[in-house]
Every structure is written in structure tokens, then in C-alpha cells.
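Student: Could you take me through one part of this structure slowly and closely? I would like to see how its pieces fit together.

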Amino acid sequence: MRTIILLLICFLSFPALKSQIPDLTGTWTMFEMTYVSDQGTQKMTEEQMKAEGAVTEMFFMEAGKFRQTSNMSGSGTLDTYEGTWKLDGNQVVLTLKIGDRMMDVVWKAEFRDNALNLSRTSPDGSLTIINTFRKK
């Protein structure tokens with residue numbers, strides 16, 4: 001009997017869990033970037049990004065296609081990366097072509113107050129980057 005009740009609770013709560021995942025399809029523009037390290041927290045606000053001409057846009061397209069344009073690599077140009085995207089629990093997995101290689105870039109995703117927060121931590125745990133986007 002306990003198994004049936006547990007299965008019923010899981011079945012009934014699935015739509016609620018699914019509704020917490022935002023519809024990522026569309027264009028998302030970064031408006032805030034935060035670095036957290038042992039030395040403290042540094043934040044680049046929307047106003048600072050505009051003043052410096054910093055731009056990052058992510059295009060989550062139908063059928064799992066993805067494109068990112070950004071001028072924040074330090075190259076001084078607007079770089080474009082293309083590939084695919086998928087949701088895996090609370091993670092967004094981007095498979096991008098960088099040079100001649102395909103590379104998976106995994107972001108922890110959190111949707112709050114109509115904003116999408118994508119965060120990653122360096123392998124040694126010393127730096128976390130949090131990029132905050134709004135849908136266009």
C-alpha cells in the first residue's frame with residue numbers, strides 16, 4: 001500500500017516539477033555576470049556591460065539547435081559558436097563546435113524572477129561564474 005501511495009505522489013507531482021523548467025526556446029541576452037572566488041565576489045552589472053559594449057546572446061532553437069554570439073572572449077571581435085543544447089535535470093548541456101572539436105559545456109540552470117541563471121564552477125572549485133540572462 002505504501003508503494004502505491006508513493007507512486008501516486010510521484011505521478012501527481014511530475015507536472016509540477018516539469019512546470020519549473022522554463023521554456024528555453026528563444027533568444028536570451030546576458031545582463032549580469034558574477035565571479036565568485038576565494039578573493040571575493042566581483043559583479044559586472046547591466047550598466048557596466050552596456051558601457052563597455054559587452055554582449056553575449058544565446059539562441060536556443062527548436063530541435064535542440066544552439067548558437068551563441070559574444071564579444072567577451074578577449075579577442076576584440078564578435079565570436080559565434082554553434083551546436084546543440086539539451087536539458088538534463090537542472091543542467092543545460094551545450095555541445096559546441098570550437099575550432100575543429102566538439103565540446104560539451106555544462107551549466108547549472110536556475111530560473112528565477114523571469115531570469116535564467118547559468119553557473120559553472122572550475123574543476124578545482126576555486127572559481128564560480130554566474131551569468132544571468134533575460135529572454136528577448
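**A close look at neighbouring strands**

Tutor: Happy to! Let's begin at a turn: strands S6 and S7 form a hairpin with two residues between them, and Gly 99 there has a positive phi near 70°. Keep in mind as we go that this is a predicted model.

Now follow the strands that this turn connects. S7 covers residues 101–112 and runs antiparallel to S6, with eight bridges joining the two. To find one of these pairings in the viewer, pick Leu 94 and look across to Val 105, its bridge partner in S7.

Next, turn to the other neighbour of S6. Strand S5 spans residues 79–88, S6 spans residues 91–98, and six bridges hold this antiparallel pair together. Here you can look for two threonines, since Thr 84 sits opposite Thr 95 of S6. S5 and S6 also make a hairpin with two residues between the strands, and Gly 89 in that turn has a positive phi of about 65°. S6 is therefore a good strand to keep in view, as it pairs with S5 under the rule that two strands pair if at least two bridges are found between them, and its pairing with S7 rests on eight bridges.

For a last stop, move along the chain to strand S9, residues 127–135, which contains Thr 132. Thr 132 counts as buried because its relative accessibility is 7%, under the 20% cut-off. Leaving aside residues up to four places away in sequence, its contacts include Phe 31, Ala 115 and Asn 117. Trp 28 lies 104 residues from Thr 132 in sequence, yet their C-alpha atoms are 9.3 Å apart.

How values were computed
Residues numbered from 1 in each chain as written. Predicted model: local features only at pLDDT ≥ 70, side-chain atom pairs only at ≥ 80, totals over all residues. Heavy atoms only, no water. Helix = DSSP H or I, 4+ residues; strand = E, 2+ residues; numbered from the N terminus. Buried < 20%, exposed > 50% of the residue type's maximum accessible area, 1.4 Å probe, protein only. Contact = heavy atoms within 4.5 Å.
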